[in-house]
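Please open the structure in a viewer with selection by residue number enabled. The tour proceeds from the whole chain to single elements and residues.

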Amino acid sequence: MKAVRALFMYAALLTIPASSFAEDKLPFNLVTREQWGAQWVNPNSYTSAGTIVKFTLHHTAMAYPANLEAAKTEMRKIQKEVMTWGTDTAYHYIISPQGDVFQGIPDDKLGTHALNDNYGNIGICFMGNYMNDTPTRESQEAFVNLVKYLKDKYPGIAQSAKRQGDPDPKRRAFILHRETYATLCPGDKLVALQGELFARIFSDPKSEPLVYRDYTAAATGGEAYMPDVQLSSPW
Ligand SMILES: [Zn+2]
């Protein structure tokens, strides 16, 4: 771990080139690492995430930036914090309340956003604390368009979506962080939107209907879900 961190210490004012996103047109507004002023991370320090089959929704449980500049500042803060314990930005994509999608870890590389469940799992995080903050229309739109793009890029996601009702959350396509870890993340107000967001992303009528379970803090007596997990965290 020390060696990995030492690599980060070489951080120069270089960034992963935006050309890692070869697509001419993305269906969402991407803010590249260069644009938000990411610290350099050696591309060789990332590990492959394996076949991408799912994504996990998070919130930062931190600030709710008021504009693009504040969101860029927040990104630099997130990266600086994560680099003390994990990989780069931990998440692959981070969405601001304005609906901008910030580029984190390359989406085919291993993140550090879901303990023991990072392989094949894209981490998508909303800036803010959605126990109290309100998910904006813009951020929801960005999330839907981002995931539609990812499911076209990685067919395994649509396959997993057919198992969205699976009793094991790790086998589903659309995972809420609190389903696999003792945390309030991604916040009750985002949790309440899961069914609606799922329906907007996966409109394929062949998909099995979503078996929606109530994972709100109220429904679980204010305790985080997964009583067999001892740790507890806001994110
Ligand atoms: Zn989380």
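The stops below move from the overall fold to a central strand pairing, the nonpolar core and a loop residue.

The model is predicted: local features need pLDDT of at least 70, side-chain atom pairs count only at pLDDT 80 or more, and totals for chains, interfaces and linings use all residues. Residues are numbered from 1 along each chain as its sequence is written.

**Whole chain.** Begin with a cartoon view of the chain, which has eight helices and six strands; these are DSSP runs numbered from the N terminus, helices being H or I of at least four residues and strands E of at least two. Along the sequence their pattern is α-β-α-β-α-β-β-β-α-α-β-α-α-α. Of the 235 residues, 40% count as buried, a term that requires 20 or more other C-beta atoms within 10 Å of a residue's own, with 12 or fewer for exposed, partly exposed in between, and C-beta atoms placed from the backbone. Among contacts with a separation of 6 or more, 74% link residues 24 or more positions apart; a contact here means C-beta atoms, placed from the backbone, within 7 Å.

**Strand 2.** Next, select residues 54-59. Six of the six residues of this strand are buried, so strand 2 is largely enclosed by the rest of the structure. Lys54, Thr56 and His58 point one way, whereas Phe55, Leu57 and His59 point the other way. In a regular strand, side chains alternate between the two faces of the sheet.

**Its partners.** Add strand 5 (residues 121-126), which runs parallel to strand 2 and is joined to it by six bridges; pairing requires at least two DSSP bridges. His59 stands opposite Phe126 here. Then add strand 6, which pairs with strand 2 in the parallel sense over three bridges, with Thr56 opposite Ile175.

**Nonpolar core.** Which residues have the most contacts inside the largest nonpolar core? Select Tyr93, Ile94, Ile95, Ile124, Leu146 and Ile157, within a core of 41 residues. Such a core is a set of buried Ala, Val, Leu, Ile, Met, Phe, Trp, Tyr and Cys residues joined through C-beta atoms within 7 Å. Helix 4 (residues 137-153) contributes the largest share, five residues. Now centre on Ile124: leaving aside neighbours within four places in sequence, its contacts include Phe55, Leu57, Tyr93, Ile95, Phe143 and Leu146.

**Loop residue.** Finally, select Asp168, in the loop between helix 5 (155-161) and strand 6 (174-176). Is Asp168 buried or exposed? Asp168 counts as exposed because it has 9 C-beta neighbours inside 10 Å. A distance label from its C-alpha atom to that of Glu179, 11 residues apart along the chain, should read 9.1 Å.

Technical notes
Two residues are in contact if their C-beta atoms, placed from the backbone, lie within 7 Å.
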